[in-house]
Amino acid sequence: MKILVTGGAGYIGSVVTALLLQAGHTVTVLDDLSTGHRDAVPQGASFVAADVTEAGDVLDPSYGAVLHFAAKSLVSESTRDPGPYWRTNVAGTLALLEATRRHGTERMVFSSTAAVYGEPASTPIAETDPALPTNPYGASKLATDRMLESWSQAYGLGAVSLRYFNVAGARGPLGERHDPETHLVPNLLRVAAGSAENAQIHGTDYPTPDGSAVRDYLHVVDLAEAHLRALDRVAPGRFRVYNLGTGSGYSVREVLGAVRRVTGQPVPAVEGPRRPGDPAVLVAGNERAQRELGWEVRRTIDEIVADAWSFTRERSAHR
C-alpha cells in the first residue's frame with residue numbers, strides 16, 4: 001500500500017515508517033522539520049519538506065492511507081502559547097482531512113495522547129472513561145478525535161485514534177531527540193552518560209508501593225507495531241479509539257533502578273516535592289487493543305532502557 005506519514009521525521013513517526021517499509025509498504029514522509037530530523041527518515045522512504053497543511057499537494061488517489069503524527073506536543077508550552085497548538089493540531093488536521101476526502105484516501109491512523117483524559121478519577125484508564133483535558137495540547141488532540149469521528153460518519157473514512165501514555169526506547173539509530181527533553185528515560189540516561197549531574201524525583205509520598213509516581217512506559221517498537229495492526233484492521237466508515245499502554249506501569253524509582261541496572265552507573269537522584277497537578281498513578285487499560293487489534297506489550301522496562309541507552313551512546317560517539 002502507498003502511505004503518507006505526516007511527522008515521519010520525528011521520534012515515533014520515524015520508527016513507524018521503518019516498520020511500514022519493512023512490511024513492504026511504499027511510504028512518503030511529510031515533515032516540516034520544526035522538531036523532526038531529516039536524518040531520521042528511514043532509507044527507502046520518499047521525503048517532502050512541507051507543513052501538514054500542504055498535504056493536499058502530496059496526496060493523490062494512489063495513496064491508500066495516512067498515518068498522522070505531525071503535531072505540537074509540549075503540555076506546558078501549549079498553556080503558555082496555545083495558538084500554535086490549535087493552528088497545527090486542529091486546523092492542520094482539518095486541512096489534511098479535507099485533502100483525504102478530495103483524493104479518496106480511505107484510511108487514517110492518528111497519533112493521539114493520554115492527555116485527552118486530564119486527571120482521571122481512577123486507573124487503569126479505559127477508552128470509555130470521560131475525556132476531560134486540562135491543557136490546550138490535550139484539548140487539541142480531543143478535538144481531532146471528534147473531527148475523525150464526524151469524517152467517518154459523514155464521509156466514510158476509516159479512522160483509528162491511538163492514545164499513547166509514555167513512550168520510550170529506540171529502534172537502532174531511531175530514538176528520542178527532543179529539545180527541550182521532558183521525558184524521564186532520556187533525562188535519566190543523560191545523567192548516566194555524564195551530561196547531567198543528577199536525576200530528579202518529584203514526589204516521594206504518593207500512595208504507591210514506593211512513594212514515587214507510577215506511569216505507563218511503553219517501548220516505541222511495541223507502540224509502532226500497534227499502528228500497523230490498526231492500519232490492517234481499520235474499516236470504512238468506522239472510528240475506533242485505543243489506549244496503548246502496559247496496563248500496570250512503573251514507578252519513577254523502578255525506572256531509575258532499571259537505568260542503574262542497564263547502564264551500570266550510580267545515577268544519583270535528588271528528591272523533591274510533588275509537582276502541582278501530578279496524579280499518583282496514570283496507567284492505560286489495554287484490553288480493547290488486545291481484543292480488537294490482537295496487540296500485546298512484548299518489551300520490558302529493562303529492554304526499553306537498554307535500547308535507549310544504546311541509542312544515547314551511539315549518538316555521543318558520533319558527535
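This text walks through a predicted model, from its sheet to the interface of its two domains. Local features need pLDDT of at least 70 and side-chain atom pairs 80 or more, while totals for chains, interfaces and linings use all residues. Residues are numbered from 1 along each chain as its sequence is written, and side-chain values use heavy atoms, without hydrogens or water.

Start with the sheet. Seven strands (DSSP E runs of at least two residues, numbered from the N terminus) form an open, parallel sheet in the order E3-E2-E1-E4-E5-E6-E11. Strands pair if DSSP finds at least two bridges between them. E3 (46-49) and E11 (239-244) are the edges, each pairing on one side only. E4 (65-68) and E5 (107-113) share four bridges. Here Ala 65 stands opposite Arg 107.

Now the helices (DSSP H or I runs of at least four residues). H4 (136-155) lies across E5, E6 and E11, at about 160 degrees to E5. H6 (220-233) lies across E1, E4, E5, E6 and E11, at about 160 degrees to E6. Angles run from 0 to 180 degrees between N-to-C directions of axes fitted to C-alpha atoms, for helices over the stretch in contact.

The domain assignment, automatic or from a database, gives domain 1 (2-165 + 218-244) and domain 2 (168-216 + 247-317). Their C-alpha centres are 23 Å apart. In contact (heavy atoms within 4.5 Å) are 35 residues of domain 1 and 34 of domain 2. Six salt bridges cross the interface (Lys or Arg side-chain nitrogen within 4 Å of an Asp or Glu carboxyl oxygen). Asp 222 forms a salt bridge with Arg 299, with closest N and O atoms 2.4 Å apart.
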